[in-house]
Amino acid sequence: MVNEATAGRERLRAAWREAYRPDPPYTVSEWADKNRMLSSVASPEPGRWRTDRTPYLREIMDNLSAYSTVEQTALIKGVQMGASEAGLNFVGYAIHHSPGPCMYVMPTVEMSKKLSKTRLDPMIEESPALSQRIKPARSRDSGNTIFSKEFDGGVLILTGANSGPGLRSQPVRYLVLDEVDAYPESAGSEGDPVNLAIERTSNFVRRKVFMLSTPLLEEKSRIQKAYEAGDKREYRVPCVACGVFQPITWKAIKWEPGEPDTARFVCSHCGHRHAEHEKDGLLALGEWVPTKKPDKPNFRSYHLPSLYSPWKTWADCARRFLAMKDDPAQLQTFVNTILGEPWSGLMGESADPDELFNRREEFPIDHLPDGVAALTCGVDVQPDRLELEVVGWGRDEESWSIDYQVIPGDPSGLDVWDNLDDYLSRRWAHPGTANGMRILATCVDTGGANTQSAYAFVRPREGRRIWGIKGMRGARPVWPRKPSRNNKGKINLYLLGVDAAKEVVTARFTKSGPGASGAGACHWPMERDKDYFEQLTAEKKVTRYQKGFRVIGWEKKDKARNEAFDCRVYAYAALQGLLAGGWSLNKAAAKIERETGGQAVLAVKNDAGSDDKTQILPSAVIKEASEPAAPVGKASRKIKRRRRVARSGFMG
């Protein structure tokens, strides 16, 4: 009887202990393996999520688990690593297992809208654990909108880093900051968007902040700064031959000369060459190792180049490197997206004008260089003149400075624009074409002097790809997706990202001279004088501070002239306008290469369509800008008079 009573008390104590035993740690990676379903809409591998596919993400995701003491996690990465999916796993975990207010921030509101429609909504629909907690957007009062997902115990807010009100809408416990290097300098007028968002988490003891991004420029890389502030972890894998753990770095990827398909990961200790099929085994045995003490507690940072990606082979990386290595502008893309490293400034930002002057070379005087496949022109408008440069472009944007002209005259009158119109109608002799080569596209600056006169010139000539442009500072693409018509002249005004264009143009100065060739190489003829190169290198990239925020831009010394630099930037932008319209430079270059190389004729129809004989010009053209383009016949005189009448209405 006593024994039975004792046994009963023991069973009661055991039941009591079991009832009050804390739940075992439940991690984000465990939740994802059990509940996350990948949709065919947004994933190349639809079906159940498997952390084993990307084992390097396990620790990163588990930092975001409710039991973990880690508060902030920063990931600097290459592309195709699955990192954004890890952020979505974190969101799903919070909704299902540990509810609380969440926020997901993309660079712009439009990008957050796209994320919601193409990735978040499919994840909710395909994962029963989430679809049971968030009502369909179709139902009335569902609390499920594009930018807000309500669930028991919390809400998920999606917003853009360019929206100040969105970032300060409410306190949040869980925060994902995706692609932070693409964030604007300021969220409207309210300051740094990263600081604004992180400030929203300050009231929560067990907050979680996940910051991730592919880096861009080192000078303003937010993710690089966060990585340096953390403990800088690297993912080390064991060599299958000697067992030594080491990170997979670019210098350890080696291949036979000219054979990128032979790329292997070479052990730095014993020299064993790991083939691609061994990558999965290496990743499964890898481990994260911190390399420094973090600047503040509970802050971990990670670096993941695309060399670890199961979707990108080492041979892929080698091929991309060989294709981009000779062009600094393209090499930046490789460094950012494959190596997951910030670009450490511009290789050409301190270009020496004397050095570039000494790199001039002899061009043929009777025709364009053989490699030229297209001509573009950049026109800078000054109060008393027009300045322009014609640039020849070859395969992979190799360039030749074909001609530089100053057309004197008052831009508020007609004569200077007539001379420009005649000049842009010219053709240059080329050994690979029978009828010579004309300028395919021209960018005319409208943001300086005589804006309305520039509008009047451009408007009737847009069909000839003579485009009105205005340079805009800041982080924007060289050529816009579409033109703006918010101008009094009612032209298609193209707002150029001049900072980006200047970076590309300047970076390519390092690859110039008689021995340079291939992607991005620059060539200048002996006709260019010292003043041209002084103007070409007049601007430098500088860092300034405005209202406490760091701003990176381009500046020149007072009274220094930079017209040659502007003309080259505009000519490069004209090429980008052609490419944006679907035209292919390399296809044009291939066509030129296939030509038999017959001599160019000297008599062809002019662009106006008359039967007048117009000379095909050699590459060294007029000495005086005011000289006529060609003998003027009766038909061309009529056309010229019509142009004057048409323009008089626009110019008042």
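**Figure 1. The lining of the largest cavity in this predicted model mixes residue classes, with 5 nonpolar, 2 polar and 3 charged residues.** The model is predicted, not determined by experiment, and the cavity shown here has a volume of about 60 Å³. Its lining is formed by Trp393, Glu397, Ser399, Val504, Val505, Arg508, Gly520, Cys522, Arg568 and Tyr572. Two elements give two or more residues to this lining, namely α16 (498–507) and α18 (563–580). In all, the structure holds 4 cavities of 30 Å³ or more.

**Figure 2. Helix α16, one of the elements that line the largest cavity, is mostly covered.** Of the 10 residues in α16, 9 are buried. The buried residues are Val498, Asp499, Ala501, Lys502, Glu503, Val504, Val505, Thr506 and Ala507, and two of these names, Val504 and Val505, also appear in the lining of the largest cavity.

**Figure 3. The second largest cavity has a volume of about 50 Å³.** The residues that line this second cavity are Arg36, Met37, Leu38, Ser39, Ala42, Ser43, Glu85, Arg119, Pro122 and Met123. Strand β1 (37–38) and helix α5 (109–126) are the elements that each give two or more residues to the lining, and α5 gives the most, with 3 residues. By class, the lining of the second largest cavity divides into 5 nonpolar, 2 polar and 3 charged residues.

**Figure 4. Tryptophan 255 and phenylalanine 321 form an edge-to-face aromatic pair, one of 23 aromatic pairs that the structure holds.** The ring centres of tryptophan 255 and phenylalanine 321 are 6.3 Å apart, with 65° between the planes. Because tryptophan 255 belongs to strand β11 (residues 253–256) and phenylalanine 321 to helix α11 (residues 314–324), the pair ties together parts that are 66 residues apart in sequence.

**Figure 5. Tryptophan 479 and tyrosine 494 form a stacked aromatic pair.** In this pair, the distance from centre to centre is 4.7 Å and the angle between the planes is 25°. Tryptophan 479 lies in the loop between β21 (466–472) and β22 (493–497), whereas tyrosine 494 lies in strand β22, so the contact ties together parts that are 15 residues apart in sequence. Both tryptophan 479 and tyrosine 494 are buried.

**Figure 6. An aromatic cluster is formed by Phe357, Tyr404, Phe509, Trp524, Tyr532 and Phe533.** Arginine side chains lie over the faces of two members of this cluster, phenylalanine 357 and tyrosine 532. Arginine 360 is placed over the face of phenylalanine 357, at 3.7 Å from the ring centre, while arginine 528 is placed over the face of tyrosine 532, at 5.7 Å from the ring centre.

**Figure 7. Glycine 448 lies in the loop between β20 (437–445) and α15 (451–458).** This glycine is partly exposed, with a relative accessible area of 40%, a value that falls between the limits of 20% for buried and 50% for exposed residues. The C-alpha atom of glycine 448 is separated by 9.8 Å from that of glycine 471, a residue 23 places away along the chain.

Conventions: Residues are numbered from 1 along each chain as its sequence is written. This is a predicted model: local features need pLDDT of at least 70, side-chain atom pairs count only at pLDDT 80 or more; totals for chains, interfaces and linings use all residues. Side-chain values use heavy atoms; hydrogens and water are left out. On a 1 Å grid over the protein atoms alone, a cavity is a set of points where a 1.4 Å probe fits but cannot get out, and a pocket is an open set with protein on both sides within 12 Å along at least five of seven lines; lining residues have an atom within 4 Å of a point. Grid points are joined across faces, edges and corners, and a volume is the space filled by probe spheres set on the points. Helices (H or I, at least four residues) and strands (E, at least two) are DSSP runs, numbered from the N terminus. Ala, Val, Leu, Ile, Met, Phe, Trp, Tyr, Cys and Pro count as nonpolar, Asp, Glu, Lys and Arg as charged, and the others, Gly among them, as polar. Rings of Phe, Tyr and Trp (its six-membered ring) pair if their centres lie within 6.5 Å; planes under 30 degrees apart count as stacked, over 60 as edge-to-face and the rest as tilted. Buried means under 20% relative accessible area, exposed over 50%, partly exposed in between (1.4 Å probe, protein chains only). A charge sits over a ring if NZ of Lys or CZ of Arg is within 6 Å of the ring centre and within 35 degrees of the ring normal.
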